[in-house]
Amino acid sequence: MSVLILGSIALDTVKTPIEERSDLLGGSASYAAAAASFFSPVKLVGIVGSDFPQSEFDFWRGRKIDIEGVQRAEGKTFRWSGEYSWDLNTRETRSVALNVFENFQPKLPASYRKTDFVLLANIAPSLQSHVLDQMERPRFVVADTMDLWIETTRSDLDTLLPRVDLLILNDSEAREMTKETSLIKAGRAIRKFGPRYVAIKKGEHGALLFGDQNEFFSCGAYPLEDIHDPTGAGDTFAGGIAGYLAGTVSRVHFTDLRKAMIYGSVLASFAVEDFSLDRLRNLSMAEIEQRYETFKLMSQFEVSA
Ligand code: AMP
C-alpha cells in the first residue's frame, strides 16, 4: 500500500560548528518521502517555486515517489535557515521565507484520494486538515507538528487531533502542549486530545510510544559517533514509521508501531550522517536492515548463555 505525504518542500541553509551549506533540499515532506520510499510507494503533496532544481524532481521519480501532487508556482521555493550550537543539540532558526508557501492550498489529484496511509508531516495544522478533508476514509493517519503551531494555531491543532491515529512530537512540544513536566503524564494527556497513539521523540535519547489500554514502549536512539547535520531527523523518523506501516501491515497494532519506531529511528540515524538528504540518497535497504538488526541486539537485556 502507498502512503500520501504532505509537508514542506524547502531550500535550506544550514550552519553547523564545522561548516555552512546553502540551497540544500529540505522540508518536512522531502525528508519524510525519501525515508518512506524505502518501504512503500509515496504520493507527495507540496509546493515548489520556479527556482526549484529539476534534478530533485528526477531524484523523486527515481525513488518511485509520485509527484503529481507537487504544485509548481511562479516565485521562490520556501526557504529556511538554521544554525546549530556546538553540541548539535540546540538550533536557532536564522530566517524563514514562506515564498510560494504563503498561498498554498493543496488540491489532491483524483489518484491520491483513496490512499490508505497518510503522513501529515510538519506544516500548518489547517493545511493538514484541508488535505484530510479531501481523502476518502484513510486507514491510518500519522501527523507531526512543532512548537510554532502549538503556540500560534492551537485551536487548528485541537481540531485536527481527533482525526489522527498517531501523533508524533518532541519532548519539549509535549510538555508545552500539556503543561506537564513528566513525559509519561504528557503522553497520556495528549492521547485524551484525540490521537489513539502518541510518539514522543527525545532526540539522542530515543522515543516513547503510548497506546490505548496503557500500552507503552520506550526505545533508545541508535548511537552515532559522527553527526554532520541533524536537520530533518524528526521528519525522517516520521517518514520511516509511516512508510514501514504502509508497506508491511494492513491493520496497525501496537506491535507494528514498536517495529515502525525502530525503523524510523534507523532511518533518522542515517539522515544525520550527512547534510540535507545526501545520506538517504545513497542508502541501501541492506544497510537499513543491518542497522535494524544491530539495534535489536543492542536493545536486548536478557541474553541466553
Ligand atoms: P526538523 O529538523 O525535523 O525540525 O526539520 C527541519 C526541516 O523543516 C527543514 O528542512 C525546514 O525546511 C523545515 N521547516 C522549518 N520550519 C518549518 C515550518 N514552519 N513549516 C514547515 N517546515 C519547516
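# A guided tour of the predicted model

Begin by selecting helix α9 (residues 254–271) together with helix α11 (residues 285–299), which pack at an angle of about 115° with their axes 10 Å apart. The model in view is a predicted one. Two packed helices are described by the angle between their axes and the distance between the axes. Viewed along the line that joins the two axes, α9 and α11 make a right-handed crossing. To display the contact itself, show the side chains of K259, I262, Y263, S265, V266, L267, S269 and F270 on α9, and those of E287, I288, E289, R291, Y292 and F295 on α11. Coloured by class, this contact of α9 with α11 comprises eight nonpolar, two polar and four charged residues.

**A second helix pair: α1 and α8**

Next, select α1 (28–36) and helix α8 (residues 233–248). The axes of α1 and α8 come within 7 Å and cross at roughly 40°; the two helices are therefore oblique to each other. The crossing of α1 past α8 is right-handed. Which residues of α1 and α8 meet? From α1 they are S28, Y31, A32, A35 and A36, and from α8 they are D235, T236, G239, G240 and G243. The contact of α1 with α8 divides into four nonpolar, five polar and one charged residue.

Remain on α8 and select T248, which is placed in this helix. T248 is partly exposed, with a relative accessible area of 47%. Add S40 to the selection: T248 and S40 are separated by 208 residues in sequence, yet their C-alpha atoms are 8.3 Å apart in space.

**Helix α2 and the residue K64**

Move to helix α2 (residues 54–62), where E56, F57, F59 and W60 are buried. Orient the view down the axis of α2: the buried residues fall within an arc of 155°, so they line one face of the helix. An α-helix has 3.6 residues a turn, so residues three or four places apart point the same way. What covers the buried residues of α2? The cover includes β3 (20–26), α1 (28–36), β4 (42–48), β5 (65–72) and α10 (278–281). Helix α1, already selected for its contact with α8, thus reappears here as part of the cover over α2.

Follow the chain just past α2 to K64, which takes a positive phi of about 60°. Most residues other than glycine have a negative phi, and most peptide bonds are trans. K64 belongs to the loop between α2 and β5. Is K64 buried or exposed? With a relative accessible area of 66%, K64 is exposed.

**Helix α6 and its surroundings**

Now select helix α6 (residues 171–178), whose buried residues are E173, A174, M177 and T178. Around the axis they cover an arc of only 115°, which puts them on the same side of α6. To see what lies over them, display α4 (147–152), α5 (154–160), β10 (166–170), α7 (183–192) and β11 (197–201), which are included in the cover. After α6 comes K179, whose phi is positive and near 60°.

From α7 and β11, proceed to the loop between them and select P195. P195 is buried, with a relative accessible area of 1%. Residues touching P195, when those up to four places away in sequence are not counted, are L161, V164, D165, L167 and I190. For P195 and L161, the C-alpha to C-alpha distance is 5.8 Å across a sequence separation of 34 residues.

**The loop residue N214**

Continue to N214, in the loop between β12 (207–210) and β13 (216–219). N214 has a positive phi of about 60° although it is not a glycine. Its relative accessibility of 62% means that N214 counts as exposed.

**The final stop: W80**

Finish at W80, in strand β6 (residues 78–84). W80 is buried, with a relative accessible area of 12%. Which residues are in contact with W80, leaving aside its neighbours within four places in sequence? They are L11, D12, T13, V14, R91, T93, S95, V96 and T231. As a last selection, take W80 with A97: the pair is 17 residues apart in sequence and 6.4 Å apart in space, C-alpha to C-alpha.

Definitions and conventions. Residues are numbered from 1 along each chain as its sequence is written. This is a predicted model: local features need pLDDT of at least 70, side-chain atom pairs count only at pLDDT 80 or more; totals for chains, interfaces and linings use all residues. Side-chain values use heavy atoms; hydrogens and water are left out. Buried means under 20% relative accessible area, exposed over 50%, partly exposed in between (1.4 Å probe, protein chains only). Helices (H or I, at least four residues) and strands (E, at least two) are DSSP runs, numbered from the N terminus. The arc is that of the directions from the helix axis to the C-beta atoms. Contact means heavy atoms within 4.5 Å. Axes are lines fitted to C-alpha atoms, for helices over the stretch in contact, and angles run from 0 to 180 degrees between N-to-C directions. Angles under 35 degrees count as roughly parallel, over 145 as roughly antiparallel, 65 to 115 as roughly perpendicular and the rest as oblique. A crossing is left-handed if the near helix is turned anticlockwise from the far one by less than a right angle, and right-handed if clockwise. Ala, Val, Leu, Ile, Met, Phe, Trp, Tyr, Cys and Pro count as nonpolar, Asp, Glu, Lys and Arg as charged, and the others, Gly among them, as polar.
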